[in-house]
Amino acid sequence: MLHQHKVILLSGVFISWLVLTSLALFNFAGEYYGEFAADTNWQSPAQSTFSLSALGIAVGQSIQVVHVREDNCICNSRAALHQQQFSSLYDLPKQQQFERNVQHIAAAGLRLPATPAVLIFNGGTLLYAGPYAAGPLCSVSDSLIAPILRQQITLPATWFNAEAKACRCVVKKLT
């Protein structure tokens with residue numbers, strides 16, 4: 001009889017844990033995981049006015065990166081892991097990396113739909129704008145930007161990566 005009560009109790013604890021875990025994952029998936037620019041026309045013609053110098057950054061001859069994160073975004077810890085890799089793994093000196101917030105980016109002419117985001121420039125020309133990686137955990141092993149930074153691929157034009165599904169915090173409309 002005592003054994004049967006333990007089994008029932010443990011079954012109840014397991015089922016409760018399963019339900020709570022499922023609810024937490026569902027909440028995370030709905031709020032923080034999805035297409036980087038799901039509800040916006042991010043690749044609008046207005047983006048052509050955006051420039052590195054408008055961010056207060058002197059244009060260099062080689063790759064320059066702007067990291068964009070906003071406070072209180074649950075995905076920032078994943079972006080920090082990517083950012084740590086830039087100097088060591090991608091041989092990009094700290095002097096070629098910059099940080100800006102969404103308001104600075106918008107004032108310069110680019111409305112980001114979500115953060116964290118990375119902007120990659122070459123000679124002042126925007127090559128890539130979007131998430132660091134794909135997947136719910138935005139793992140360094142799922143990097144979207146490694147081939148660009150290593151110059152293993154050449155993009156035909158600016159790639160506004162709206163379709164990648166990643167951990168992201170949707171930017172509220174800026175006033």
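**A walk through the fold**

Four helices and nine strands make up the secondary structure of the protein. The model is a predicted one. Along the sequence, the elements run in the order α-β-β-α-β-α-β-β-β-α-β-β-β. The protein has 175 residues, and 38% of them count as buried. Take the contacts between residues at least 6 apart in sequence: 76% of these join residues at least 24 apart.

Start with the nonpolar interior. The largest nonpolar core holds 22 residues. Trp42, Phe50, Val66, Ile105 and Leu119 have the most contacts inside this core. Several elements feed it: β2, α3 (102-107), β5 (117-122) and β6 (125-130) each supply at least two residues. Strand β5 gives the most, with three residues. There is also a second, separate core, made of 17 residues. Ile63, Val118, Leu127 and Ala146 are included in that second core.

Now turn to a polar residue, Gln64. Gln64 sits in strand β2, which covers residues 63-68. Is Gln64 buried or exposed? Its relative accessibility is 6%, so Gln64 counts as buried, the limit being under 20%. What does the side chain of Gln64 reach? One partner is the backbone oxygen of Ala58, at 3.0 Å. Another is the backbone nitrogen of Gly60, at 2.8 Å. Both distances fall under the cut-off for a polar contact, which is a pair of N or O atoms within 3.5 Å. Leaving out residues up to four places away in sequence, Gln64 touches Leu52, Ile57, Ala58, Val59, Gln96, Phe98, Leu119, Ile120 and Phe121. Leu119 has already appeared, as one of the residues with the most contacts inside the largest core.

Next comes empty space. Rolling a probe the size of a water molecule over the atoms shows where such space is left. The structure holds one cavity of 30 Å³ or more. The volume of the largest cavity is about 40 Å³. Which residues line the largest cavity? They are Cys75, Arg78, Ala79, His82, Pro116, Pro131, Tyr132, Cys138 and Cys167. By character, this lining divides into seven nonpolar residues, one polar and one charged. Helix α2 (residues 76-88) contributes the most to the lining, with three residues.

One lining residue, Pro116, leads on to the backbone. Pro116 lies in the loop between β4 (114-115) and β5. The peptide bond from Thr115 to Pro116 is cis, with omega near -5°. Most peptide bonds are trans, and most residues other than glycine have a negative phi.

Two residues stand out on phi. Asp91 is not a glycine, yet it has a positive phi of about 55°. Asp91 is found in the loop between α2 and β3 (97-100). The relative accessibility of Asp91 is 64%, so Asp91 counts as exposed. Gln151 also has a positive phi of about 55°, and Gln151 is not a glycine either. Its place is the loop between α4 (146-149) and β7 (159-160). Gln151 is exposed because its relative accessible area is 52%, and exposed means over 50%.

Terms used:
Residues are numbered from 1 along each chain as its sequence is written. This is a predicted model: local features need pLDDT of at least 70, side-chain atom pairs count only at pLDDT 80 or more; totals for chains, interfaces and linings use all residues. Side-chain values use heavy atoms; hydrogens and water are left out. Buried means under 20% relative accessible area, exposed over 50%, partly exposed in between (1.4 Å probe, protein chains only). A polar contact is a pair of N or O atoms within 3.5 Å; within protein, one must be able to donate a hydrogen and the other to accept it, and residues adjacent in sequence count only if both atoms are side-chain atoms. Contact means heavy atoms within 4.5 Å. A nonpolar core is a set of buried Ala, Val, Leu, Ile, Met, Phe, Trp, Tyr and Cys residues joined through side-chain atoms within 4.5 Å. On a 1 Å grid over the protein atoms alone, a cavity is a set of points where a 1.4 Å probe fits but cannot get out, and a pocket is an open set with protein on both sides within 12 Å along at least five of seven lines; lining residues have an atom within 4 Å of a point. Grid points are joined across faces, edges and corners, and a volume is the space filled by probe spheres set on the points. Ala, Val, Leu, Ile, Met, Phe, Trp, Tyr, Cys and Pro count as nonpolar, Asp, Glu, Lys and Arg as charged, and the others, Gly among them, as polar.
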